[in-house]
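Let's take a walk through this protein together, starting with the overall picture and then zooming in on the place where its parts meet. Have the model open as you read.

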Amino acid sequence: MSEKPIFIQHANELITVKGGSEKPLTKEAMNELHILQDGALWLEDGKIQAVGKTEELNEKYSSRISEATVVDASGKIVMPGLVDPHTHLVYAGSRENEFNMRLNGATYMEIMNNGGGIHATTSRTRSASPEELYSESMKRLDSFLKHGVTTVEAKSGYGLDWETEKKQLEVAKRLNDDHVIDVVRTFMGAHAVPGEYKENPDEFVRIVIEEMLPLVAADSLAEFNDVFCERGVFTPEQSRLILEAGKKHGLIPKIHADEIEPYEGAELAAEVGAISADHLLRASDQGIKRMAEQGVIGVLLPGTAFFLMADSARGRKMIDEGVPVALSTDCNPGSSPTTSLPFIMNLACMKMGMTPAEAITATTINAAHAINRSKEIGSLEVGKKADVVIMNVPNYMQLQYHYGMNHTDTVIKSGKIVVESGQLC
């Protein structure tokens, strides 16, 4: 039996973010939210059936309102479900000890090179059972949902061997099947060089290319292929080989680029036609220009810079240069242990000079583009999935003005109310 129709009415601001489904929004267009005052939505069969003023939709559906669930959004804003395009959702354990080490002066790379960082989580994830990974990750998805997120990308990368990489991706698939949030999968076997290949990283690159990537593609375990292009991890040339090999297997390239130092990651993203380049804290002017020219989406992760006590990416410059910008939590146990995408929006405004409107665009339609879902989600337009969030603020600017708070009141996923009054249904 299908869900009852949902009629949302009297939204103080109905933020549609319409018009960006074909290509991501850039420059001034990122500030154009296409807001309707006293707005309304009719949701049915998991889709958005109508968008307009409350008076218009009341007239259009007058004979059917009695059969619908009516949601009064008076004094609130209604917007597309938030999209998180970069997470490391499936992992085991936590690394609060490293947080303490950094507070005492250790750097991220120092910790990693001494067996901590990614390697510490890899060890725990390798030893965890699929059920343990599923249980831990399910809790994280519940938290994402309560913060208004309706779609997330999830990377592997805490295995660095085929057995564990496959385990992570299979758990992510189960989560997609079982949780209301849509989970989009990315293979990231090239997240770090395992300790056993520290003296021969090219051999590990060969294993990723010749052994892992064919198996990922054969079992349709992922849609994207990601690599950590960073000094001490994978060189630009090694990263190019991995990304080009993935393309031959039908995997769309993504790249962790220029996070710790300028390393030509942004330039490489443009060269290989990556759908996105992520992090970009140290991206060069030339790299930013090349990304803008090629339409590569810059997925910025201000929570990671905040947690590592580093300078944020140059979000303002990227937008002004024409890079389509998206935002993400980078949810992971080492450098950004958060599921609050609204707080990431706060940081984008306060640390990267983005406007409140740009922050919304970056977590809706541009984020949807970064995971190849812009035709389905990311804006409130007829025919798209009925993924909707109602925030308990009277206008969108208050989302950033009242920072560090979760304003999520109601979440509707595929036409079903899944969060009500801030609580899971």
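What follows goes from the whole chain to its domains, and then to the contact between them.

Keep in mind that you're looking at a predicted model. The protein chain folds up into 16 helices and 17 strands. Measure it up along its principal axes, and the C-alpha trace spans about 70 × 45 × 45 Å. How does the radius of gyration of the protein chain fit with a compact globule? For 425 residues, a compact globule would come out near 22 Å, and the protein chain has 21 Å, so the two agree.

Now split the chain up. Domain 1 is made of two stretches, 6–81 and 379–424, while domain 2 runs over 82–371. The C-alpha centres of domain 1 and domain 2 sit 29 Å apart. Where they touch, domain 1 puts in 37 residues and domain 2 puts in 38.

How much area is buried between domain 1 and domain 2? It's about 2,900 Å², and carbon and sulfur atoms give 67% of that. On the domain 1 side, three residues stand out: M30, Q400 and K413 supply 23% of the area that domain 1 buries against domain 2, more than any other three residues.

There's polar chemistry across this interface too. Between domain 1 and domain 2 you'll find 15 residue pairs in polar contact, and two salt bridges. K413 is worth a second look here, as its side chain also meets that of D182 in a salt bridge, with N to O at 2.7 Å.

Which elements does domain 1 use to touch domain 2? β5 (77–80), β14 (388–391), α16 (397–401), β15 (408–413) and β16 (416–420) each supply at least two residues of that side. The largest share, four residues, comes from β15. Sort the residues on this side of domain 1 by type and you get 19 nonpolar, eleven polar and seven charged.

Finally, step back to the salt bridges of the whole structure, which holds 29 of them. One to click on is E44 with R64, where the closest N and O atoms are 2.6 Å apart. This pair ties together distant parts of the chain, 20 residues apart: E44 is in strand β2 (residues 35–44), and R64 is in the loop between α1 (54–60) and β4 (69–72).

How values were computed: Residues are numbered from 1 along each chain as its sequence is written. This is a predicted model: local features need pLDDT of at least 70, side-chain atom pairs count only at pLDDT 80 or more; totals for chains, interfaces and linings use all residues. Side-chain values use heavy atoms; hydrogens and water are left out. Domain bounds come from an automatic or database domain assignment. Contact means heavy atoms within 4.5 Å. Buried area is the accessible area (1.4 Å probe) that two parts lose on being put together, summed over both. A salt bridge is a side-chain nitrogen of Lys or Arg within 4 Å of a carboxyl oxygen of Asp or Glu. A polar contact is a pair of N or O atoms within 3.5 Å; within protein, one must be able to donate a hydrogen and the other to accept it, and residues adjacent in sequence count only if both atoms are side-chain atoms. Ala, Val, Leu, Ile, Met, Phe, Trp, Tyr, Cys and Pro count as nonpolar, Asp, Glu, Lys and Arg as charged, and the others, Gly among them, as polar. The radius of gyration is taken over C-alpha atoms; the globule rule is 2.2 Å times the number of residues to the power 0.38.
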